[in-house]
Amino acid sequence: MASTVAAAAVVGSRPIDPADAWYSSLDKPSWQPPGWAFPVVWTPLYAGIAWAGSHSLLHAEKKASTRLAAALAGNLVLNSAFGWAFFKARTPVAGLAVTTALSLSCWDLVRRTAAQDNAAAAALVPYASWCTFATALNADIWRRNPGMRAR
């Protein structure tokens, strides 16, 4: 599980460059965290995803384990897709679509995991909360940059 989560982190982070001229030109809200905060936040979140995923899958019955693994895989695909949708495609609305789907997927993952293991579900709550915050941030960036809406 740790290698799968690490792969998602690497693939998702490849297109992200906070110093990029396009990103720097965007009007961002005052409540956006500084650029250095993102890797500081994401490192323990990824560790939590790996631990929670492994722990819950080990404790789940076969049928539930298969569904939980599929939900986790889908979540990691969405997680990896954000950087490509927002930064690489330079499309805030695509980023918003991905972060919205990711946030919903995260909370669904918390729900599914809670049915198997409460400690693992609790470990996923910071991840789901951060993704919900990222969705609000992305929505505000999209709102503040009307010239980017048509892309």
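A residue counts as partly exposed when its relative accessible area lies between the buried limit, under 20%, and the exposed limit, over 50%. Arg90, at 33% relative accessibility, is therefore partly exposed. The model described here is predicted. The protein has six helices and zero strands. Topics below run from the overall fold to single helices, then to salt bridges.

**Overall fold**

- From the N terminus on, the order of elements is α-α-α-α-α-α.
- The C-alpha trace spans about 50 × 25 × 25 Å along its principal axes.
- A compact globule of 151 residues would have a radius of gyration near 15 Å. The protein has 16 Å, which agrees.
- Of the 151 residues in the protein, 43% are buried.
- The exposed surface of the protein comes to about 7,700 Å². Carbon and sulfur atoms supply 66% of that surface.
- Consider contacts between residues at least 6 apart in sequence: 77% of them join residues at least 24 apart.

**Helix H3**

- H3 has 23 residues. From first C-alpha to last it reaches 33 Å, close to the 33 Å expected at 1.5 Å a residue.
- H3 contributes buried residues, among them the aromatic pair Trp42 and Tyr46.
- Leu45 and Ile49 of H3 are also buried.
- Small residues of H3 are on the buried list too, including Ala37, Gly48, Ala50, Ala52, Gly53 and Ser56.

**Helix H4 and the loop after it**

- H4 covers residues 62-88, which is 27 residues. At 1.5 Å a residue it should span 39 Å. Its end C-alpha atoms are 38 Å apart, which agrees.
- H4 bends by about 30 degrees at Ala81.
- Gly74 lies in H4. At 32% relative accessibility, Gly74 is partly exposed.
- Gly74 and Ser54 are 20 residues apart in sequence. Their C-alpha atoms are 15 Å apart in space.
- Arg90 comes just after H4, in the loop between H4 and H5.
- Arg90 has a positive phi of about 55 degrees although it is not a glycine.
- Most residues other than glycine have a negative phi.

**Salt bridges: the count and the H5 pair**

- The model contains six salt bridges. The pairs below are among them.
- Asp108 forms a salt bridge with Arg112. The closest N and O atoms of that pair are 2.7 Å apart.
- Asp108 and Arg112 are four residues apart in helix H5, residues 92-114. That spacing separates them by about one helical turn.
- Asp108 is partly exposed, with a relative accessible area of 24%.
- Arg112 is partly exposed as well, with a relative accessible area of 29%.

**Salt bridges: the network around Arg144**

- The side chains of Arg144 and Asp27 meet in a salt bridge, 3.4 Å from N to O.
- Arg144 lies in helix H6, residues 118-144, and Asp27 in the loop between H2 (21-25) and H3 (37-59), so the pair ties together parts that are 117 residues apart in sequence.
- Arg144 is partly exposed, with a relative accessible area of 27%.
- Asp27 is partly exposed, with a relative accessible area of 36%.
- Arg144 also meets Asp140 in a salt bridge, 3.1 Å from N to O.
- Asp140 and Arg144 both lie in H6, four residues apart, about one turn of the helix.
- Asp140 has 11% relative accessibility. Buried means under 20%, so Asp140 counts as buried.
- Salt bridges that share partners join Asp27, Asp140, Arg143 and Arg144 into one network.

How values were computed:
Residues are numbered from 1 along each chain as its sequence is written. This is a predicted model: local features need pLDDT of at least 70, side-chain atom pairs count only at pLDDT 80 or more; totals for chains, interfaces and linings use all residues. Side-chain values use heavy atoms; hydrogens and water are left out. Helices (H or I, at least four residues) and strands (E, at least two) are DSSP runs, numbered from the N terminus. The expected span of a helix is 1.5 Å times one less than its number of residues. The bend at a residue is the angle between axes fitted to the seven residues ending there and the seven starting there. A salt bridge is a side-chain nitrogen of Lys or Arg within 4 Å of a carboxyl oxygen of Asp or Glu. Buried means under 20% relative accessible area, exposed over 50%, partly exposed in between (1.4 Å probe, protein chains only). The radius of gyration is taken over C-alpha atoms; the globule rule is 2.2 Å times the number of residues to the power 0.38. Contact means heavy atoms within 4.5 Å. Accessible areas come from the Shrake-Rupley method with a 1.4 Å probe; for residues, only the protein chains shown count as cover.
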